[in-house]
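Visitor: Could you take me on a close look at a single part of this protein? I would like to see how one buried region is put together, and then how it sits in the rest of the chain.

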Amino acid sequence: MAIIGAIHACAREAARYESRMKIAPTPARLAGIAALLLATTSASASPPTTAVDLAQNDGVAWSITEDLTTEIGPRMAGTEAEAAARRWAVARLQAMGFANVREEQFDMPVWVRGEEQAWLTSPFLSQKLAIAALGNSASTGAKGIEGDVAYFDSFDALAAAADSQVKGKIVFIDHKMQPTQDGSGYGYYGRGRFTGPNVAAKKGAAAIVIRSIGTDAHRNPHTGVTNFEAGVKPIPAGAISNPDADQLVRQWKRAGPSGEPLRLKLVLTPQNLGTKHSGNVIAEVPGSDPAASPVIVACHLDSWDLGTGAIDDAAGCGIITAAAKHVMSAGQPRRTIRILWAGAEEVGVFGGKAYFDKHGKEKHAAALESDFGADRVWRVDFKLPDSAKTLADRIAAAVMPFGVVRGKQPANGGADIGALVQAGVPAVDLAQDGTRYFDLHHTPDDTLDKIDPAQLRQNVAVWAATLAILADSSDGELP
Ligand SMILES: [Zn+2]
């Protein structure tokens with residue numbers, strides 16, 4: 001016990017040193033320090049250092065987030081920047097001492113942004129708007145297009161409209177998203193972006209502009225992917241910032257009585273580059289029982305291109321990896337922990353699908369994902385088999401000291417582990433506070449300075465507590 005205590009104490013000191021120095025600890029270095037201390041210190045009665053103890057002083061999540069956003073920056077799926085991020089990820093995960101670090105490649109269609117400009121041209125003086133194209137938007141051509149605005153106060157209003165109200169016009173969907181702690185407004189308001197362009201295209205619209213799916217009041221448009229059904233010809237599709245949408249609406253209200261239409265001009269020149277490579281990066285903490293199924297923890301490595309992808313989702317990769325690292329440093333877990341830094345999530349969850357195609361038939365004990373920023377975890381939700389009732393109780397008790405409440409809804413996993421959870425893999429959600437997430441989401445403001453180190457560290461502690469329990473769970477509790 002004394003020897004174990006000393007080793008754990010060494011690990012703790014080493015981790016403090018590592019976090020101060022922002023150097024990834026290596027097993028070799030830890031072993032060296034441990035040997036030195038074993039030779040020079042007498043027996044100690046201090047309890048073993050746990051993953052949670054290590055997580056309380058975490059510097060790993062911050063350093064991953066800072067280094068990825070600084071050295072790589074924006075990393076659009078399928079681009080050279082995303083490939084550079086994968087090379088960076090493999091090197092970092094190897095340096096941290098994880099096993100089986102590898103890239104698993106897949107192919108996907110690649111879309112990239114071009115020039116993007118918009119003006120309100122009539123009936124008032126021409127005014128420029130802040131616009132960003134939505135992923136999969138068609139091009140207007142370099143000369144752009146101009147048309148009358150067809151106004152809708154919501155996605156539902158557009159869906160209910162007759163084709164004649166829309167044909168040949170530039171559709172505008174107004175519908176201001178409101179912030180919620182659990183982020184649940186995204187599904188409701190987000191329909192304007194997810195399927196609004198497809199609905200407008202089917203009704204014969206020339207183009208579509210939406211009020212950004214965002215809760216801020218900055219002149220930052222929020223990008224994001226949209227999808228057109230097979231057989232529907234894509235139209236130009238963009239989002240304008242909230243203040244620009246307010247301006248458009250004021251002009252629309254004043255144009256009405258004048259009898260003159262409100263008109264918009266758009267220049268959007270995105271391109272489809274065809275099929276390119278993307279990939280998932282995978283690393284493992286090997287479990288002591290090779291027959292036990294692994295716990296999988298996920299984030300996504302790709303990001304949108306307007307910011308540096310700090311909250312979406314460098315921080316998520318930092319959180320899950322730091323937690324796995326602390327569990328590994330505190331002593332070998334029974335189950336393997338598999339870390340998945342998924343590629344190409346933003347543009348259609350291609351990495352999550354590729355992982356499922358390759359590994360979906362393997363048994364997984366549980367799946368978790370961090371992809372909702374870097375603010376504190378406030379709720380834990382479970383979707384576990386009946387055999388895991390006391391396991392869920394143990395996790396809920398372990399995260400309570402960090403101010404995390406137990407939810408009443410079943411966990412739903414996350415995008416990159418969605419197919420696994422759909423197929424029946426047990427899931428735990430560590431739900432983050434999303435109150436300000438949609439101020440920043442998919443905007444130029446998604447940058448490192450928006451991350452609060454104390455809240456980031458709380459995430460790591462909650463994840464370490466949860467992961468330590470899952471990774472030591474029995475075969476009677478989880479598959
Ligand atoms: Zn994300």
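Guide: Happily; we will start with one helix, follow its neighbours into the core, and then visit a few unusual spots in the backbone.

A word on the ground rules comes before the tour. This is a predicted model, in which local features need pLDDT of at least 70 and side-chain atom pairs count only at pLDDT 80 or more, while totals for chains, interfaces and linings use all residues. Residues are numbered from 1 along each chain as its sequence is written.

Our part is helix α13, residues 389–399, where Leu 391, Ile 395, Ala 398 and Val 399 are buried. Buried here means that 20 or more other C-beta atoms lie within 10 Å of a residue's own; exposed means 12 or fewer, partly exposed is in between, and C-beta atoms are placed from the backbone. Helices (H or I, at least four residues) and strands (E, at least two) are DSSP runs, numbered from the N terminus. Looking down the axis of α13, the buried residues fall within an arc of 90°, so they line one face of the helix. That arc is taken from the directions from the helix axis to the C-beta atoms. On the other side of α13 you will find Lys 389, Thr 390, Asp 393 and Ala 397, which are exposed.

What does the buried side pack against? The buried residues of α13 meet β14 (377–383), β16 (427–432) and α16. Contact means that two C-beta atoms, placed from the backbone, lie within 7 Å. The two strands are partners themselves: β14 and β16 run antiparallel and are joined by six bridges, with Val 380 standing opposite Leu 430 in β16. Strands count as paired if DSSP finds at least two bridges between them. β16 is mostly covered, with five of its six residues buried.

Now follow the other neighbour, α16, which covers residues 453–471 and holds Leu 470. Leu 470 is buried because 27 other C-beta atoms lie within 10 Å. Leaving aside neighbours within four places in sequence, Leu 470 is in contact with Val 295, Ala 365 and Ala 366. Pro 333 is 137 residues away from Leu 470 in sequence, but the C-alpha to C-alpha distance is 9.2 Å. Leu 467 touches Val 295, Val 297, Ala 323, Ala 324, Val 327 and Ile 337, again not counting residues up to four places away in sequence.

Leu 467 also brings us to the largest nonpolar core, which has 100 residues; Ala 323, Val 327, Ala 464 and Leu 467 have the most contacts inside it. Such a core is a set of buried Ala, Val, Leu, Ile, Met, Phe, Trp, Tyr and Cys residues joined through C-beta atoms within 7 Å. Helix α11 (residues 310–330) gives this core its largest share, 13 residues. At least three core residues come from each of domain 2 (50–107 + 275–471) and domain 3 (114–272), with bounds from an automatic or database domain assignment. Apart from this core lies another, of 40 residues, including Ala 150, Ala 245, Leu 262 and Val 267.

Helix α11 is also home to Asp 313, and the peptide bond from Asp 312 to Asp 313 is cis, with omega near 10°. In general, most residues other than glycine have a negative phi, and most peptide bonds are trans. A second cis bond, with omega about 10°, joins Ser 122 and Pro 123; Pro 123 lies in the loop between β2 and β3. Those two strands form a hairpin with four residues between them. For phi, look at Val 349, where the angle is positive, about 55°, although this residue is not a glycine. Val 349 lies in the loop between β12 (337–342) and α12 (350–359), and counts as buried because it has 21 C-beta neighbours inside 10 Å.

Stepping back, the protein chain has 16 helices and 16 strands. Its radius of gyration is 25 Å, close to the 23 Å that the globule rule gives for 479 residues, so the chain is as compact as a globular protein of that length. This radius is taken over C-alpha atoms, and the rule is 2.2 Å times the number of residues to the power 0.38. Buried residues make up 52% of the 479 residues.
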